[in-house]
Structures are given as C-alpha cells and as structure tokens.
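Trainee: I have a model open on my screen and would like to learn how to read it. Could you take me through it step by step?

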Amino acid sequence: MESLRNKVLKMGGLVEQQISGAIDALQDTNAKDAEKIILNDHKVNALEVTIDEACTQILARRQPAASDLRMVIAVIKTITDLERIGDEAEKIAKMALSLAEDDAGFNSRYAGIRHLGDHVRRMVHDVLDAYARLDVEAALQVVRDDEDADKEYTDLMRMLITYMMEDPRKISEVLDVIWAARALERIGDHAKNIGEYVIYLVKGKDVRHLDLAEIEKNILS
C-alpha cells in the first residue's frame, strides 16, 4: 500500500510540473516550452496505466477490506483526476502554442490568468500534501479553495469577453486565452475531487455532490 501511495505522489509531482510549465509557456508565449509540455503528457498517461494495473492486482490477489479497500478505491479515482489535470495542462500548452504561432504577445489584460493558474496549482499541491498526510482538514480547505477559483474564473471571463467586444480584432487571440482559463478552472475542480477522495479515505464518508456547508457538517460535526 505504501508503494501505491508513493506512485500516486510521483504522478502528482509530474502533473504539478506540467501545470507550472504550461502556465509559464502561456505567459511567455513560448512555443518550445509549450511543445515540451505536450510531448510529456504521455508520461502522465503511462503512470496512470501503471498504477491502475497495480490496483487491479491488489484487488484480485489480496481482496482488501475496510480501510485498505477504501485506499485502493481512492487511488483509482485520484489517478483518474490527475490524468485529467494532465490533459488540461496539455490544453493550456496548446493554447500557448497557438498564441506563439500567431505572434501574439501576452497582453496585460490577461494577467488574471496567471493569478488563477497559481491558485489552482497551489490547490493541486495542497491536495497532494493532504493525500500524503491523510489530512482531512487540509483536504477540506482545498474544497473551500475551489469556490475562490470559480469566482476568479468568472471575473476573468467577464473581463476577457469585454476585451473582445472592445477590440474585435483580438477575438481569435482572446478565445485561446479563454480556453486556457477554462482548463485552469477544470484543474481546480479536479483538485477538489481529490480532496473529497481524501475525506472518503480517512472518514469513510462519500461527500461527492454535497455543497460545502453539507461537507463541513458531515466532517466537522
């Protein structure tokens, strides 16, 4: 089980690197760095397959029960979300590549995307730390943080749409930034999902599809 946990953390570390690299490539409109992120996505996918196979072997050979079974279930769900985070990072890199190919600079009006990117990257880091330490309170904080990420995304979208309306010549460029912002918002959602899996793993309570107040009531009461 410890080996399984370590493999998940290894995959998480790679995903964190993908997020950071994609955000940097977008801000710098650096085609070379963007291509590197796109090419590295297969490493994330390979780790998901490896860990999934390990989980299947454990289920078949050991027939785990109670907390061990919850651990395997949580790992299977977690790596699915990590793989999807990797896919979102790849999307951001593709948007960076598109901007670079169009010789578009990173307009000061796009600065909010860097802040959103840093926010969701911290969420991923914090939820992996919560997973490593089986820290329910830290996992719950990531769930709370997703509400702030959603608000940042909404504010950023409003600003970007206004910019398109003011300067229709920038529509194509801004659309790339909008798709990158959407990918970042989805990364926040996936980090929240992993936080919920940590809560399930430790507490044995499935808090998916509950609002924040209900989750807090279930966990803190």
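Mentor: Happily! Helices here are DSSP runs of at least four residues, numbered from the N terminus. With that in hand, the chain reads α-α-α-α-α-α-α along the sequence. Keep in mind that this is a predicted model.

Trainee: How many helices and strands does the chain have?

Mentor: The count is 7 helices and 0 strands. The radius of gyration is 19 Å, close to the 17 Å that the globule rule gives for 221 residues, so the chain is as compact as a globular protein of that length. The C-alpha atoms fill a box of roughly 60 × 40 × 20 Å along the principal axes.

Trainee: What share of the residues is buried?

Mentor: Buried means under 20% relative accessible area. By that cut-off, 49% of the 221 residues in the chain are buried. The accessible surface comes to about 10,700 Å², and carbon and sulfur atoms contribute 49% of that surface.

Trainee: And what share of the contacts joins residues 24 or more positions apart?

Mentor: Among contacts with a separation of 6 or more, 82% are between residues 24 or more positions apart.

Trainee: Now a single helix, please. How far does α1 reach from its first C-alpha to its last?

Mentor: A helix can be checked against an expected rise of 1.5 Å a residue. Helix α1 covers residues 2-28, which is 27 residues, and reaches 39 Å, close to the 39 Å expected. Just after α1 comes T29, with a positive phi near 40°.

Trainee: What sign does phi usually have?

Mentor: Most residues other than glycine have a negative phi. Two more places to look at are A66 and H209. A66 is not a glycine, yet its phi is positive, about 50°. This residue belongs to helix α3, residues 66-101. H209 is not a glycine either, and its phi is about 70°. You will find H209 in the loop between α6 (171-203) and α7 (212-220).

Trainee: Are A66 and H209 buried or exposed?

Mentor: Exposed means over 50% relative accessible area. A66 has 57%, so it counts as exposed. H209, at 79%, is exposed too.

Trainee: One last feature: how far apart are the mean positions of the positive and negative charges?

Mentor: The chain has 30 positive and 42 negative charges, and their mean positions are 4 Å apart.

Key
Residues numbered from 1 in each chain as written. Predicted model: local features only at pLDDT ≥ 70, side-chain atom pairs only at ≥ 80, totals over all residues. Heavy atoms only, no water. Expected span 1.5 Å × (residues − 1). Rg over C-alpha atoms; globule rule 2.2 N^0.38 Å. Buried < 20%, exposed > 50% of the residue type's maximum accessible area, 1.4 Å probe, protein only. Contact = heavy atoms within 4.5 Å. Areas by Shrake-Rupley, 256 points an atom, 1.4 Å probe, with all protein chains shown as cover. Lys, Arg positive; Asp, Glu negative; His and termini not counted. Charge placed at Lys NZ, Arg CZ, Asp CG, Glu CD.
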